[in-house]
Amino acid sequence: MRFDIMTLFPHMVETVLSESIIGRAVSAGHLEINVHNIRDYSEDKRHRVDDTPCGGGMGMLMAAPPIYNCHKAVTADRAEGEKIYTVYMSPRGTVLNEDVAKRLSQYDRLVILCGHYEGVDQRAIDLLVDEEVSIGDFVLTGGEIPACVLVDCVGRLCDGVLSEAECHEIESFEGDLLEYPQYTRPVDFMGMKVPEVLLSGHHANIEKWRREQAESLTKERRPDLYAKYEERQNAAFFGKKAAQRN
């Protein structure tokens, strides 16, 4: 999968995404990440990319022309049939979750626009953006950190990025459950011991314990997710009963 990130601060993005699992996935050819400096596409001799908001107001607003020019250049090499989707990182967008990440991972290429200052001229959004995405109900100084979050979240779902498919099939939010507690050696640390069931070697009991722990944690900490989980469980149960009657 290919990511094209349009930003005013390329170094912020490059530094984060060159490390750890995502960095290794890029080196191995499982992901392609290109970072584009919007300033390079400004037609102003001083490479200005912002101006004051029409109608007044505090701060500066990113202008439409440099963003439009950058996007046009980034997508100029679009292959026939290639599925490209443009996302603007914005606090007013769709809140990122695992379902959104899975949906976005189905595209061949994501183009990600990082806002800054007081935001982006609406005309750039209207012309170029397919969806606005938020990483939560709070405001940051720019879209670079959210863009890194999106790339990490979506990129890890792509083939070859993680060593085993199991790594993302049983983690938090899969199946609407939070992840169960995990332990490693030493077995006894400051008087706190690893639960006996995890040392038993009895895989069925271990899986049962993990499921119970995940259900308990989700019910306590995220009742909204637990309600969705119960709804799916009930639908599956009654669906199975209906199939048996038929």
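Me: Why is Arg123 called exposed?
Reply: Arg123 has a relative accessible area of 55%. Exposed means over 50%, buried means under 20%, and partly exposed lies in between (1.4 Å probe, protein chains only), so Arg123 earns the word exposed. Please keep in mind that this is a predicted model: local features need pLDDT of at least 70, side-chain atom pairs count only at pLDDT 80 or more, and totals for chains, interfaces and linings use all residues. Residues are numbered from 1 along each chain as its sequence is written, and side-chain values use heavy atoms, leaving out hydrogens and water.

Me: What makes Arg123 and Asp121 a salt bridge?
Reply: Their side chains meet at 2.6 Å, N to O. The rule asks for a side-chain nitrogen of Lys or Arg within 4 Å of a carboxyl oxygen of Asp or Glu, so the pair qualifies. Asp121, at 13% relative accessibility, counts as buried.

Me: How do you know that Arg92 and Glu132 form a salt bridge?
Reply: The closest N and O atoms are 2.8 Å apart, so the pair passes by that rule. Arg92 lies in strand 5 and Glu132 in strand 7, so this contact ties together parts that are 40 residues apart in sequence. Strands (E, at least two residues) and helices (H or I, at least four) are DSSP runs numbered from the N terminus.

Me: Are Arg92 and Glu132 buried or exposed?
Reply: Arg92 counts as exposed at 52% relative accessibility, whereas Glu132 counts as buried at 16%.

Me: What makes strand 5 and strand 7 a pair?
Reply: They are joined in the parallel sense over five bridges. Pairing requires DSSP to find at least two bridges between the strands, so these two qualify. In strand 7, Glu132 is the bridge partner of Tyr88.

Me: How do you know that Arg103 and Glu131 form a salt bridge?
Reply: Their N to O distance is 2.9 Å, so the pair fits the salt bridge rule. Arg103 lies in helix 4 and Glu131 in strand 7, so they tie together parts that are 28 residues apart in sequence. Arg103 is partly exposed at 35%, and Glu131 is buried at 10%.

Me: Why is Leu140 called partly exposed?
Reply: The relative accessible area of Leu140 is 38%, which falls between the limits for buried and exposed, so partly exposed is the right label. Leu140 sits in the loop between strand 7 and helix 6.
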